[in-house]
Amino acid sequence: MATRIVTIALNQQQLELVDRTLAKGLAEDRAALIRHALRRYAARHLPEQGAATRPSLAVG
Amino acid sequence: MTREILLDFALEPGTGKALEVRKGQILRLEQIDGGQCLDFNCFNLHDYKEYFHAGRTRTLHGLHPTKGDFLWSAPPRERAMMFIAADTAGANDVLFPRCSANLYESVYGYCTHTNCQDIQAEAQREYGLTPDDVHDSFNLFMETGVDDAGRPYITRQTSKPGDHVDFLALMDVLAVPNICGADVMRTSNFSLKPARISILQATEADLAAVPVLPVWRTQRTVADFRQQRIKADRELRRDSTYVAEFVNAPIRTTTVEVPLDEDEQALLDQLKRSDLYDDDGAALRDILFSWWEEEQLAR
C-alpha cells in the first residue's frame with residue numbers, strides 16, 4: 001500500500017502531551033498516536049466516510 | 001436553620017461600601033425597588049493583589065454566572081473566592097466593564113456624573129486602595145448579551161423588589177458593592193435606586209452545598225513568586241541584576257515523521273484546513289490537538 005510521509009513539527013510541550021497520552025496505551029509510538037488521532041477525528045467530522053474511517057485503537 | 005444576620009443596611013444611590021466578609025459568611029445584594037444594577041469588586045482581605053477576575057470567571061461560567069458558579073481570582077492565583085449560593089433574578093454579567101467618568105464626558109458631555117469606577121475607588125479608599133486598584137466588575141442585575149454581529153449590548157432589566165444574589169465567601173474578602181451610576185442608559189431602566197446589603201452567617205447546609213473543588217499546584221501563592229515585594233513607588237526602573245527565567249524557554253521543535261496509508265491520506269486531504277496551512281504537517285498537527293481537545297481533555 002502506498003504511503004506518504006507527513007512531517008509534523010512539535011515543540012517540547014506538545015511532545016510532552018503526546019507522550020503523556022501515549023502512556024495511556026492508545027498507540028505504540030508517536031506516529032501511531034497521530035494516525036490514531038487522524039482516524040478518530042475523521043470519524044467524528046466525516047461521518048459519511050465508510051469503513052476506512054471507522055475509529056480503531058489497533059493502529060501502530 | 002435560620003441564618004444569623006450580621007449586618008443589614010440600605011446602600012444609597014451614588015455610593016458603594018467596602019465590607020469585610022469572612023469565610024463562611026454570605027453577602028446578600030438585594031433589590032429594594034427593583035431594576036437597579038450593582039457593580040461588585042472583591043479582594044482577598046489579607047492580600048489585595050489577589051482579586052476577582054471577570055475574564056477567568058467568564059471563561060469558566062459564561063457571560064452570565066449564576067447560582068452554583070464561583071467568583072474566581074485572577075491568574076496566577078485562580079482560586080474560588082466566593083460561591084453564588086442564590087440568584088433569583090438570573091441577570092448577572094461579566095462581559096461589560098465598569099462605567100467611568102470618561103464615558104459620561106465623552107459620550108454624554110458631563111463634567112461630573114456618578115460612575116462605577118469613581119464610586120468603587122471612593123469606597124475602596126477606606127481600605128487604602130487607589131483608583132488604579134479598581135478591577136473589572138462583576139455586574140449584578142444587568143441584562144446583557146451579544147448581537148449577531150458579535151457586539152455586546154445592554155438592555156433594560158426586569159429585576160423585582162426582593163430579588164437577590166447571595167455570595168458565600170470561601171476566603172476572607174473585602175467585598176465592595178456599589179450602586180451603578182448609569183441613569184442615562186438602559187442599565188437600571190433610567191433611574192438610580194438604593195439596594196439592600198446584608199451579611200449573613202452561612203448555615204451548615206449552606207456550606208455543604210458548595211461543591212468540593214480540586215486544589216492545583218498552579219494556583220500560585222506569593223511564596224511561588226520570584227518577585228514577592230510589592231512596588232511602593234510609581235516610577236519604573238530596570239533591575240540591573242535581572243536574569244530572565246521564563247518557563248520552558250527556549251521552545252525547541254522536534255519533527256515526527258508520520259507514514260500515512262492511502263486511507264489516511266484521503267482523510268487528511270478531506271480534513272485539512274488548506275485555508276490556514278500550506279503544508280500537511282501543520283494541518284495534521286491541528287487535527288492531532290483538535291482530536292486531543294475533543295477526546296482527551298475531560299479525562
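How many bridges join β1(A) to strand β14 of chain B, and do the two run parallel or antiparallel? I would like to start there this morning, bearing in mind throughout that what we have in front of us is a predicted model. Eight bridges join β1(A) to β14(B), which covers residues 253–260 of chain B, and the two strands run antiparallel. To place one position in that pairing, A:Asn11 stands opposite B:Thr253 in β14(B).

Let me now widen the view to the contact between the chains, where 31 residues of chain A meet 32 residues of chain B. On the chain A side, the elements that give two or more residues are β1 (4–11), α1 (12–22) and α2 (30–45), and of these α2(A) gives the most, with 12 residues. If we sort the side of chain A that touches chain B by class, we find 17 nonpolar, eight polar and six charged residues.

Turning to chain B itself, the chain is divided into domain 1, residues 5–224, and domain 2, residues 237–299, and the C-alpha centres of these two domains of chain B lie 39 Å apart.

Finally, a local feature of chain B that you may wish to look up in the structure: strand β4, residues 38–44, and strand β5, residues 47–51, pair in the antiparallel sense over two bridges. The two strands, β4(B) and β5(B), form a hairpin with two residues between them, and within this pairing B:Phe43 stands opposite B:Tyr51 in β5(B).

Technical notes
Residues numbered from 1 in each chain as written. Chains lettered and ligands numbered in written order. Predicted model: local features only at pLDDT ≥ 70, side-chain atom pairs only at ≥ 80, totals over all residues. Contact = placed C-beta atoms within 7 Å. Helix = DSSP H or I, 4+ residues; strand = E, 2+ residues; numbered from the N terminus. Nonpolar A, V, L, I, M, F, W, Y, C, P; charged D, E, K, R; others polar. Pairing = 2+ DSSP bridges. Domains from an automatic or database assignment.
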